[in-house]
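Ready for some structure reading? Take a look at the model below, then work through the exercises with us.

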Amino acid sequence: MIEEFSKLPGIGPKTAQRLTFYLLRGPREEAEGLAQAIVWMKEKVGFCSVCFNISEDAKFGVCASEARDRSVICVVEEPLDVLALERTGEYKGTYHVLHGAISPIDGIGPDKLRIAELVDRVKGSNVSEVIIATNPNTEGDVTAAYLARVLAPLGVNVTRLARGLPAGGDLEYADELTLARALEGRRPV
Ligand SMILES: [Zn+2]
């Protein structure tokens, strides 16, 4: 158990021990609840085949909806960023989830992200605008610059969320009004 916990990101041996003894001492239902949630997640939840957001179905709700504008794609780092943008109620386009940002220090290059899939998606459709909504930090900036470069030859408008989001912060923590304004004030890259 300690070994398994130690494999998780951000969990050192000390924390792994603490979690293990917590579950060992606690009520049976609590440990079973956790075990069932993990099994359920791996069985039922996957990734949308279009935008790579987490989804219980082959297609995430936004991708399946006729009401959404397919000519606009908003590119985000994580599934939680989709939730944050949906909460604004302002955005009517679709999404593309990269599952991270370019970070040479952590060994994350463009090939580790869903960037090739984004390029294919833009190529094979009548997408008119790609809004880059990566986080306002170094990795987010590097990723945005890279995306602008690979999307440029495709003749699509590439914009980025306006500044005003908390610098260095994560999109998912931005309040709805700030995020809605950043979306409204987006600029060409
Ligand atoms: Zn999708």
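Four exercises with worked solutions follow.

This is a predicted model, in which local features need pLDDT of at least 70, side-chain atom pairs count only at pLDDT 80 or more, and totals for chains, interfaces and linings use all residues. Residues are numbered from 1 along each chain as its sequence is written, and side-chain values use heavy atoms, with hydrogens and water left out.

**Exercise 1. Check the confidence of the model.**

Task: Find the mean pLDDT of the protein, and the elements with the lowest and the highest mean pLDDT.

Step 1. pLDDT is the predictor's confidence in each residue, from 0 to 100. The protein has a mean of 92, and 97% of its residues reach 70 or more.

Step 2. Elements are DSSP runs numbered from the N terminus: helices (H or I, at least four residues) and strands (E, at least two). The lowest mean pLDDT among them belongs to α8 (84), and the highest to β4 (98).

**Exercise 2. Lay out the sheet.**

Task: Work out the strand order of the open sheet, and say which strands stand at its edges.

Step 1. Count two strands as paired if DSSP finds at least two bridges between them. The order of the 5 strands is then β4-β3-β5-β6-β7, with mixed pairing.

Step 2. β4 (93–97) and β7 (187–188) each have a single partner strand, so one side of each lacks a neighbour in the sheet.

Step 3. Now go pair by pair. β3 (residues 69–76) runs parallel to β4, joined by 5 bridges; Ile 73 faces Thr 94, and Cys 74 faces Tyr 95.

Step 4. β3 also pairs with β5, in the parallel sense over 4 bridges, with Val 75 opposite Ile 132. β5 and β6 (residues 157–160) are parallel too, over 4 bridges, and Glu 129 has Asn 157 as its bridge partner in β6.

Step 5. From β5 the chain crosses through α7 to β6 in a right-handed β-α-β crossover (with the strands pointing away from the viewer, the path from the first strand over the helix to the second runs clockwise).

**Exercise 3. Follow the chain from β3 to β4.**

Task: Describe how enclosed β4 is, and what the buried residues of α5 pack against.

Step 1. Buried means under 20% relative accessible area, exposed over 50%, and partly exposed in between (1.4 Å probe, protein chains only). In β4, 5 of the 5 residues are buried, so the strand is largely enclosed by the rest of the structure.

Step 2. The route from β3 to β4 goes through α5, and this β-α-β crossover is right-handed.

Step 3. The buried residues in α5 are Pro 79, Asp 81, Val 82, Ala 84, Leu 85 and Thr 88. They pack against β2 (54–55), β3, β4 and α8 (176–184), where contact means heavy atoms within 4.5 Å.

Step 4. Just after α5, look for Gly 89, with a positive phi of about 70 degrees.

**Exercise 4. Inspect the zinc site.**

Task: Identify the protein donors of the zinc ion, and give their spacing in sequence.

Step 1. Donors are N, O and S atoms within 2.8 Å of the metal (3.2 Å for Na, K and Ca); water is not among the atoms, so sites may look incomplete.

Step 2. The SG atoms of Cys 48, Cys 51 and Cys 63 qualify, lying 2.1 to 2.2 Å from the zinc ion. The spacing reads C-x2-C-x11-C.

Step 3. Check accessibility: Cys 48 is buried at 0%, and Cys 51 is also buried, at 0%.
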